[in-house]
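Student: Hey, I've just opened this one and I'm a bit lost. Can you walk me through a few spots?

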Amino acid sequence: MASDIGVLRRARMELAYFSGYFRLKQRETGGAGVILRFERVRQRDSRPFQPNLWREITPQFLDRTIRALKRWNFDLVTMDEVCRRAVTLPKAKRFACVTFDGCCKDVITQAHPVLSKHGVPFTIYLPTAFPDGIGEAWWLALEEIIAREDRISLVIDRQERRFATGSMSDKYDTFEFLTSWMRTLPPPDLSFAIHDLCKRYSVDLAALSRAASMDWGDLTKLAADPLVTIGSATVNYPALANLKEADAQREITMGKPVAEAALRCTVRHFAYPFGDQQSWRREHVVMAQEAGFASAVSTIPGVVEAKGYTNLHALPRIAWDGRQRSLRMMRVMLSGIMFPPVRPTSDNWV
């Protein structure tokens, strides 16, 4: 789960910006370019409890970001072009590639109009169970339950656990704890846990998930746009590290032909669900290669190097935290000075 930029880290980033240090170091740390990762694009609302706010940006912020990237002299490119630049000599101008994880409805209603207006290509990484209407957005159901209840209970490790959720701090603490716990569960156990909660507190998980997701009609419209690249993010969007090897391979392999058959397009790019260091392992990189993907992206932060220094099937992305609205912070992050150098042989990488 993403967290706010810490006070000290933010202070360092402000210093790097106003001193101009990031400009001096960008040639050394900036690599060939960056891949940006977003998820939801929608207007802010006034709900007091919004633990998934880090997943969201507004259409206005997306517009500001695109204008800033152009002003900062980035080439805005497709994932195919990312793959090309990652294995060739660096160009004078760095690239930025815009990507969206999941199948959120607001990508077509809010993000697409902004990006189309600017002529910006982007990639959507699709878990095919969601347009099929059977995907489970468990994090949204968990948010809804905690938001409206003052106390909740569920079975954890065969014991009934109770959580006070009357105060706002209790709600956030409970959401953080349960999200972290659910992320460690194998898919059958995760599905059982969230269905148990939804049954106890009268939340329609299926309806909630369908309302938040695009259907195949929405995706067909996007796939017809030459600016849009459809990528795969498995079928059910599980954390691959929680699966047995055969199950992980099936998830990685099956999402591609399902999307290709439904959308009549070639799917060449893959995203590891959740994408952090705890959600996938080295063997999943091999599986993505064997499945025929030209690239696979994570959410491990970093820049993409040129000349083949970055593994195309373990590409870093900068996952923007929607609670942060400072373009100064974004520019410092895009310079690469905040990230350690990453190579394909690093244990922290693959």
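**Helices, strands and a hairpin**

Tutor: Sure: Glu245, Ala248, Gln249 and Ile252 in H11 meet His284, Met287, Ala288 and Glu290 in H12, where contact means heavy atoms within 4.5 Å. This is a predicted model, where local features need pLDDT of at least 70, side-chain atom pairs count only at pLDDT 80 or more, and totals for chains, interfaces and linings use all residues. Residues are numbered from 1 along each chain as its sequence is written, and side-chain values use heavy atoms, with hydrogens and water left out.

Student: How do the residues of that contact of H11 with H12 divide by class?

Tutor: Four are nonpolar, two polar and two charged. Here Ala, Val, Leu, Ile, Met, Phe, Trp, Tyr, Cys and Pro count as nonpolar, Asp, Glu, Lys and Arg as charged, and the others, Gly among them, as polar.

Student: And at what angle do the axes of H11 and H12 cross?

Tutor: Roughly 40°, and the axes of H11 (residues 245-263) and H12 (residues 282-290) come within 10 Å. That makes H11 oblique to H12: angles under 35 degrees count as roughly parallel, over 145 as roughly antiparallel, 65 to 115 as roughly perpendicular and the rest as oblique. The axes are lines fitted to C-alpha atoms, for helices over the stretch in contact, and angles run from 0 to 180 degrees between N-to-C directions. Helices (H or I, at least four residues) and strands (E, at least two) are DSSP runs, numbered from the N terminus.

Student: Okay, what about H3 and H13, how far apart are their axes?

Tutor: The axes of H3 (residues 59-71) and H13 (residues 327-334) are 11 Å apart, and the two helices pack at an angle of about 50°. H3 and H13 are therefore oblique to each other. On the H3 side the contact is made by Phe61, Arg64, Thr65, Ala68 and Leu69, and on the H13 side by Leu327, Met330 and Leu334. By class, that contact of H3 with H13 has six nonpolar, one polar and one charged residues.

Student: Switching to strands: is S6 buried or exposed?

Tutor: Five of the five residues of S6 (residues 122-126) are buried, so this strand is largely enclosed by the rest of the structure. Buried means under 20% relative accessible area, exposed over 50%, and partly exposed in between (1.4 Å probe, protein chains only).

Student: Which way do its residues point from S6?

Tutor: Phe122, Ile124 and Leu126 point one way, and Thr123 and Tyr125 the other.

Student: How many bridges join S5 to S6?

Tutor: Four, and S5 (residues 95-101) and S6 run parallel. Two strands pair if DSSP finds at least two bridges between them. Ile124 in S6 is the bridge partner of Phe100.

Student: And S7 with S8, parallel or antiparallel?

Tutor: Antiparallel, with six bridges between S7 (residues 151-156) and S8 (residues 159-164). Leu154 stands opposite Arg161 in S8.

Student: What sits in the loop between S7 and S8?

Tutor: Asp157 is found there, and so is Arg158. Asp157 has a positive phi of about 55° although it is not a glycine, and Arg158 has one of about 70°. Most residues other than glycine have a negative phi.

Student: Are those two buried or exposed?

Tutor: Asp157 is exposed, with a relative accessible area of 68%. Arg158 also counts as exposed, at 84%.

Student: Last one: where is Ala207?

Tutor: In helix H9 (residues 205-212). Ala207 is partly exposed, with a relative accessible area of 31%.
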